[in-house]
Amino acid sequence: MSGDPGDPGWPDLEARRAGFERMYRTQPERFGGPASRFCEWALPVLSELVPSGRLLELGSGPGRDARRLARAGYEVRATDYARAAIERAQADPATPPNLRFEAVDAVAAVRGEDDSSLDVVYAHALYMMLPDSELSAVLRETHRALRPGGLHLFGVRSVTDPQASLGEEVAPDVRRRTDPPAGAVIAAPYRYFRPETIDRLTAQGFERARTDFRSDLHFWFIADRRP
Ligand SMILES: C[S@@+](CC[C@H](N)C(=O)[O-])C[C@H]1O[C@@H](n2cnc3c(N)ncnc32)[C@H](O)[C@@H]1O
């Protein structure tokens, strides 16, 4: 399970993907149900700043948020590297024509988009699971693929989460638990975010449009705009 040489301690993408594959095959209800709290927060931000257009979702799971975003009128391409989640989403006969699902990893998904062709890139609860090399690539490609004025919306777990003190710290704010909680995928590292680290993501060519810290969820909700 060796990852990118620049990402010591992270299993490679295939090993991480296999973990999620197992999770969705053994727990088919995971990430089902109504849209996330992040999505409920994002909808009014979107309707004010980018009320229509093409939206790419990264790490969509079986599509609880993608369906809500498609209902709001966006042309949604929802992507996740777990085929089991995507197959479950595609099996739903109620999928509207403005929503398509694709099994592809986050870097490849955004890399596949033309320059300045997207209005929104949306990622809820994904960036904690990406090693440095993939997170940097997603940021770079998101900046390239968004049109000027387009939005990068993401929700990430905060270092204030009590879980953030468990396990071994393998890099600053990245922890690996040897006793992952029930339902966890594999003992992969997990990244927690603080305001400074989120600011560093924004500094990759974006400007902050909205920030919200949800202390009840230990989550940051962020909307960044490509100038
Ligand atoms: C915590 S779940 C959140 C799912 C969805 N965003 C939601 O809120 O319902 C994280 C998802 O990210 C996917 N994922 C993790 N790493 C990924 C990667 N490198 N590329 C694509 N998907 C990834 C997992 O398969 C999983 O479905």
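A70 sits in helix α3, and in this predicted model that helix is a good place to start. With a relative accessibility of 5%, A70 falls under the 20% cut-off and therefore counts as buried. What does A70 touch, once residues up to four places away in sequence are set aside? The list runs to V76, P96, N98 and L99. One of these partners, P96, is 26 residues from A70 along the chain, yet the two C-alpha atoms are separated by just 7.6 Å.

A70 has company in α3, which spans residues 64–71: D65, A66, R67 and L69 are buried as well. An α-helix has 3.6 residues a turn, so residues three or four places apart point the same way. As for what the buried residues of α3 pack against, the partners include two helices, α2 and α4 (83–90). The strands β1 (54–58), β2 (75–80), β3 (99–103) and β4 (118–124) are packed against too. Just after α3 comes G73, with a positive phi near 110 degrees.

Next, the hydrophobic interior. The largest nonpolar core takes in 59 residues, and L58, V76, Y122, Y127 and L153 have the most contacts inside it. Helix α2 (residues 37–49) is the top contributor to this core, giving seven residues. A second core, separate from that one, has seven residues, among them F20, Y81, A82 and A85. Back in the largest core, Y127 is worth a closer look. Leaving out neighbours within four places in sequence, Y127 is in contact with L58, L135, V138 and H152, and also with F154, V156, R191 and F193. L58 thus turns up both as a contact of Y127 and among the residues with the most contacts inside the core.

Then there is the ligand. Around it are 19 residues, the closest being Y24, G59, R64, D80 and H124. By residue class, this shell splits into ten nonpolar, five charged and four polar members. Which parts of the protein come up against nitrogen atoms of the ligand? For G59, a backbone N or O atom lies 2.7 Å from a ligand nitrogen. For Y81, a polar side-chain atom lies 3.2 Å from a ligand nitrogen; Y81 is also one of the residues in the second core. H124 deals with an oxygen instead: an N or O atom in its side chain is 2.8 Å from an oxygen atom of the ligand. Taken alone, the ligand would expose 590 Å², and the protein buries 98% of that.

Finally, a few loop residues. Two residues other than glycine have a positive phi: S116, near 55 degrees, and H218, at about 55 degrees. S116 belongs to the loop between α5 (106–111) and β4, while H218 is found in the loop that links β9 (207–214) and β10 (219–225). Is S116 buried, exposed or partly exposed? Its relative accessible area is 36%, which lies between the 20% and 50% limits, so S116 is partly exposed.

A188 is another loop residue, placed between β7 (174–176) and β8 (190–191). Not counting residues up to four places away in sequence, A188 touches P11, R175 and R176. A164 lies 24 residues from A188 along the chain, and the C-alpha atoms of the pair are separated by 14 Å.

Definitions and conventions:
Residues are numbered from 1 along each chain as its sequence is written. This is a predicted model: local features need pLDDT of at least 70, side-chain atom pairs count only at pLDDT 80 or more; totals for chains, interfaces and linings use all residues. Side-chain values use heavy atoms; hydrogens and water are left out. A nonpolar core is a set of buried Ala, Val, Leu, Ile, Met, Phe, Trp, Tyr and Cys residues joined through side-chain atoms within 4.5 Å. Buried means under 20% relative accessible area, exposed over 50%, partly exposed in between (1.4 Å probe, protein chains only). Helices (H or I, at least four residues) and strands (E, at least two) are DSSP runs, numbered from the N terminus. Contact means heavy atoms within 4.5 Å. A residue is near a molecule or strand if one of its heavy atoms lies within 4 Å of it. A polar contact is a pair of N or O atoms within 3.5 Å; within protein, one must be able to donate a hydrogen and the other to accept it, and residues adjacent in sequence count only if both atoms are side-chain atoms. Accessible areas come from the Shrake-Rupley method with a 1.4 Å probe; for residues, only the protein chains shown count as cover. Ala, Val, Leu, Ile, Met, Phe, Trp, Tyr, Cys and Pro count as nonpolar, Asp, Glu, Lys and Arg as charged, and the others, Gly among them, as polar.
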